[in-house]
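Hello,

Here is the structure for your files. My notes follow below it.

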Amino acid sequence: MPVPLRNDCFLRACLRQATPHTPVWLMRQAGRYLPEYRATREHAGNSFMGLATNVQYATEVTLQPLERFALDAAILFSDILTVPDAMGLGLSFGVGEGPRFAHPVRDEAAVAALHVPDLGKLRYVFDAVASIRRALGGRVPLIGFSGSPWTLACYMVEGGSSSDYRRVKTMLYARPDLLHRILDVNTRALIAYLNAQVDAGAQALMVFDSWGGVLADGVFRRFSLDYTRRVLAGVQREKDGQRIPLIVFTKGGGQWLQDLAGCGADVVGLDWTTDLGRARALVGGQVALQGNLDPMVLFAPPEAVAREAVAVLDAFGPPRRADGGWDGHVFNLGHGINQHTPPEHVSALVEAVHSHSRRLRQAS
Ligand code: 1CP
């Protein structure tokens with residue numbers, strides 16, 4: 001049996017159980033804003049994939065933010081694009097650039113050739129999960145993750161990041177059959193990938209639907225949400241007698257809150273454009289909520305960071321309800337931390353979340 005968790009606040013909040021404080025972790029908490037990350041990356045030949053594919057490096061950088069800050073969860077150091085890379089699309093990250101695929105999927109032949117990859121090609125991810133879990137030794141839980149079928153399709157068709165999603169949306173409107181086939185392959189691949197992460201030791205799973213919010217209403221349901229729902233339905237929800245909470249995050253998805261709350265997730269992640277109090281009133285009895293500080297707040301002085309963290313906690317309100325039950329809030333940013341963020345401001349944030357959320361519980 002694995003070692004017992006010393007801090008299970010994050011898992012408890014995901015499952016809407018009582019916690020002494022509001023747990024906090026940050027999307028992209030391991031990354032370039034940390035000088036120790038930049039140093040390790042340098043050692044790994046200045047390459048992101050050099051870090052991600054090496055078990056020792058991936059373990060080291062996953063733990064770096066936990067050494068500095070009293071975070072309540074760790075997240076696997078990897079990327080959502082490892083799955084299309086394993087499908088043979090040829091992932092690379094240029095220096096100072098975003099991701100690139102050498103073989104984007106743009107025509108009928110490329111779509112027909114697409115298949116669920118052999119999980120052996122992703123073995124480095126599962127080995128990293130097992131190694132990180134051992135290195136954590138029960139300090140905090142480990143979150144595994146993937147992209148959503150739609151968000152992966154954006155990169156696979158565009159061949160990299162995009163500002164207008166022109167190619168993938170052209171396919172959506174002109175040849176929806178092709179896009180549905182990509183989404184179906186992605187869905188089956190992600191189910192196997194996420195289940196293998198749980199087998200290796202992931203204690204919660206998060207699906208990043210980073211680009212769901214660029215879709216038109218109605219289109220979002222058919223091309224993003226329906227496939228995310230299929231992924232969640234295919235994932236194991238229990239391991240060693242412990243429930244595995246599932247988190248779904250659609251950036252820009254605030255207007256689809258009720259649909260997201262009904263897609264099979266235990267937790268819905270929100271960006272900063274949605275009020276947490278309003279979201280709680282709508283769906284707080286059904287799912288926990290994760291979020292939602294604007295990452296740019298972290299560029300203001302520590303006093304302002306603390307004030308804005310308090311505002312997010314107050315917007316959600318004391319998690320204990322009048323009837324004695326609990327609603328769940330996991331504090332996070334509304335999107336990934338910016339690479340220029342001063343690390344000392346992150347310390348101020350984590351401290352403010354822990355201290356104010358304790359006060360909120362005493363006052364209620
Ligand atoms: O050293 C580097 O070059 C660092 C940049 C970097 C990092 C730190 C990339 C390239 N990926 C990662 C790690 C990563 N990516 C993690 C694990 C670490 C952690 O959270 O601490 C996770 C969960 C991701 C997920 C990810 N990758 C998403 C979903 C989350 C989000 O931000 O919306 C997306 C969209 C990606 C694609 C990607 N990979 C890397 C970059 C720079 C990008 C974004 C490109 C774009 O904006 O289109």
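Is the crossing of α2 and α4 left-handed or right-handed? The crossing of α2 and α4 is right-handed (the near helix is turned clockwise from the far one by less than a right angle; anticlockwise would be left-handed).

This is a predicted model, in which local features need pLDDT of at least 70 and side-chain atom pairs count only at pLDDT 80 or more, while totals for chains, interfaces and linings use all residues. Residues are numbered from 1 along each chain as its sequence is written, and side-chain values use heavy atoms, leaving out hydrogens and water.

Helix pair. Helices here are DSSP runs of H or I with at least four residues, strands are E runs of at least two, and both are numbered from the N terminus. The axes of α2 (residues 35-43) and α4 (residues 55-68) come within 9 Å and cross at roughly 170° (lines fitted to C-alpha atoms over the stretch in contact, with angles from 0 to 180 degrees between N-to-C directions). The two helices are therefore roughly antiparallel (over 145 degrees). On the α2 side, P35, E36, Y37, T40 and H43 meet Y57, E60, V61, Q64 and R68 of α4 (contact: heavy atoms within 4.5 Å).

Core. The largest nonpolar core (buried Ala, Val, Leu, Ile, Met, Phe, Trp, Tyr and Cys joined through side-chain atoms within 4.5 Å; buried: under 20% relative accessible area, 1.4 Å probe, protein chains only) has 126 residues, and F10, L179, I182 and L349 touch the most other members. Helix α10 (residues 176-200) gives the most to this core, with 11 residues.

Loop. H103 lies between β3 (99-101) and α6 (108-113).

Regards

Methods. Buried means under 20% relative accessible area, exposed over 50%, partly exposed in between (1.4 Å probe, protein chains only). Angles under 35 degrees count as roughly parallel, over 145 as roughly antiparallel, 65 to 115 as roughly perpendicular and the rest as oblique.
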